[in-house]
Amino acid sequence: MKFHKIQLNEWQQFKKIDIVFHSRVTIITGSNGSGKSTILKLLSKHFGWYIPFLGTPYLVKDQGKFKFKNNFKPLITYTNDLIKNINHESLIGSISYTNKSHSPICIQSELTDHPQYEIIISTMQRVDGVHINSHRPMPKYEQIQNIPTNPMDANNAYERYSSVTKELFSNSYVSFSPTYRMKEAIISMAAFGPGNQFVQKNERIEKLFSDFKDILRLVLPKDLGFKDLSIRVPDIVIVTDTGEFLLDACSGGIMAIIDLAWQIFLYSNDKDEFVVSIDEPENHLHPSMQRSLINDFVLAFPKAQFIIVTHSPFIVSSIKDSYVYALKYENFIDSDNQEQTTRKIVSHKLDLNQKAATAHEILREVLGVPVTLPRWAEDDLYRICESFTSQDITADGLIRLRADLELAGLGEFYPQALNNIIEKNFHD
């Protein structure tokens with residue numbers, strides 16, 4: 001079971017949201033406050049995340065106090081600051097799934113004395129998935145005090161790590177950091193998996209340890225040259241082509257990638273298919289890492305459906321086989337006052353392959369920066385340019401070049417392609 005579609009109407013800042021999820025990668029972008037994380041909040045309820053929604057205070061004059069409403073305009077009409085026509089529950093949208101079932105999304109409409117209110121997803125289907133919040137743990141050195149004597153399998157390790165991240169998100173006190181829980185599990189796997197002359201070997205645990213190192217080889221930056229995890233109790237050392245260093249000494253970017261990989265790897269164990277929702281995966285990452293991150297994770301976890309929320313133009317254009325949606329403010333006539341306009345969010349599906357120019361215009365507007373040439377496009381551009389020689393720089397050859405670029409969805413990069421061909425043949 002995976003997600004197929006989400007629709008939202010006239011709720012909070014949304015006018016109309018209509019997002020069909022790609023079977024592998026869906027990327028949602030937009031300016032701050034456009035509601036990207038709100039969409040992930042609704043989806044992550046399927047994975048056990050219960051992030052509260054907050055209403056807006058309004059003074060009820062006949063009671064002389066503030067109460068809170070849930071920002072769903074059609075629910076309530078105002079006359080002399082009094083609330084009328086309150087329904088018990090109202091429909092704000094729906095979620096559909098790959099098994100063709102639908103779950104309505106409803107909202108409790110009565111005014112409350114507390115800002116938090118509940119979103120109800122009726123007949124919510126079971127979807128296996130992991131949600132990764134935008135705030136990733138920063139490395140903090142903690143020596144492992146005890147190694148669990150029960151071999152740490154994937155489910156145990158995931159539950160211990162996930163519980164800490166959720167507690168931190170809710171500002172609860174935790175005895176140990178998520179990085180500590182990761183180190184604890186990795187050392188346990190390394191100690192009890194391979195075994196020795198005194199400890200019986202556990203092939204399942206040994207395979208977990210080995211598989212995680214294989215995942216790191218796929219997702220860590222290639223110029224890092226990751227080779228191995230060396231257990232030097234009570235520490236873990238990352239061995240690379242350029243040297244060795246403690247796991248706790250990783251930069252914020254490297255640690256962010258390891259953190260993403262660890263959570264998805266543990267959760268994916270024994271799963272035929274599952275969903276991964278990530279809020280702002282670009283956090284702590286250099287642009288060169290952002291450019292390749294999603295593609296690397298898609299290759300590392302081929303059974304996952306990724307739903308990504310991002311501000312990064314490098315993430316937006318990083319993978320060709322995906323759906324990209326921009327959440328964009330538009331002006332609408334206010335239904336209560338025809339002489340006024342309101343600004344509301346509408347979702348736009350962007351075709352970066354066939355309608356790149358229009359898509360990039362929207363992205364420039366919502367992100368405030370131009371979208372860079374993605375790696376897959378750079379590879380296609382290089383392949384097309386390589387087939388042209390100086391003899392092809394004729395009227396017919398240039399027509400063929402433009403046609404090849406248009407076919408590959410790279411028509412707007414014609415000047416760059418022509419420049420590449422000239423430079424290549426000049427140097428040759």
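**Two crossing helices and what surrounds them**

Helices α3 and α5 are oblique to each other, because their axes cross at roughly 60° and an angle between 35 and 65 degrees falls outside the parallel and perpendicular classes. The model you are looking at is a predicted one, so please read each distance and angle below as a computed value.

Let's stay with this helix pair for a moment. Two packed helices are described by the angle between their axes and by the distance between those axes. Here the axes of α3 and α5 come within 12 Å, and the crossing is left-handed. On the α3 side, the contact is made by T179, M182, A185, I186 and M189. Facing them from α5 are M255, I258, D259, W262 and L266.

W262 is a good residue to click on next. Leaving aside residues up to four places away in sequence, W262 touches M182, A185, I186 and M189, and also A157, Y161 and F212. W262 is also listed among the residues with the most contacts inside the largest nonpolar core, together with F212, L229, I258, F297, F301 and F306. That core has 64 residues. Which helix gives the most to this core? Helix α5, spanning residues 252-268, does so with 12 residues. Apart from this core lies another one, of 32 residues, with I6, F14, I307 and Y325 among them.

Now go back to α3 and look at a charged residue. K183 lies in this helix, and is it buried or exposed? K183 is buried, because its relative accessible area is 0%, under the 20% cut-off. If you display its surroundings, you will find that K183 touches Y141, E142, I144, P234, D235, I236, L247 and D248, again not counting residues up to four places away in sequence.

Next to K183 in the sequence of the same helix is a residue with a charged partner. Side chains of opposite charge can pair when their charged atoms come close. E184 forms a salt bridge with R160, and the closest N and O atoms are 3.1 Å apart. E184 lies in helix α3 (residues 178-192) and R160 in helix α2 (residues 154-169), so this pair ties together parts that are 24 residues apart in sequence. How do the two partners sit relative to the surface? E184 is buried, with a relative accessible area of 5%, whereas R160 counts as partly exposed at 33%. R181 joins in too: R160, R181 and E184 are linked in a network of salt bridges.

Other salt bridges connect strands. In all, the count comes to 14 salt bridges. One of them pairs K5 with D18, with the closest N and O atoms 3.5 Å apart. K5 sits in strand β1 (residues 3-11) and D18 in strand β2 (residues 14-20), so, with strands taken as DSSP runs of at least two residues, the pair links distant parts of the chain that are 13 residues apart. K5 counts as partly exposed at 23% relative accessibility, and D18 counts as partly exposed at 26%.

A further pair is E244 with R232, where the closest N and O atoms are 3.0 Å apart. E244 belongs to strand β16 (residues 243-246) and R232 to strand β14 (residues 226-232), and the pair links distant parts of the chain, 12 residues apart. R232 counts as partly exposed, at 39% relative accessibility.

Conventions. Residues are numbered from 1 along each chain as its sequence is written. This is a predicted model: local features need pLDDT of at least 70, side-chain atom pairs count only at pLDDT 80 or more; totals for chains, interfaces and linings use all residues. Side-chain values use heavy atoms; hydrogens and water are left out. A nonpolar core is a set of buried Ala, Val, Leu, Ile, Met, Phe, Trp, Tyr and Cys residues joined through side-chain atoms within 4.5 Å. Buried means under 20% relative accessible area, exposed over 50%, partly exposed in between (1.4 Å probe, protein chains only). Helices (H or I, at least four residues) and strands (E, at least two) are DSSP runs, numbered from the N terminus. Contact means heavy atoms within 4.5 Å. A salt bridge is a side-chain nitrogen of Lys or Arg within 4 Å of a carboxyl oxygen of Asp or Glu. Axes are lines fitted to C-alpha atoms, for helices over the stretch in contact, and angles run from 0 to 180 degrees between N-to-C directions. Angles under 35 degrees count as roughly parallel, over 145 as roughly antiparallel, 65 to 115 as roughly perpendicular and the rest as oblique. A crossing is left-handed if the near helix is turned anticlockwise from the far one by less than a right angle, and right-handed if clockwise.
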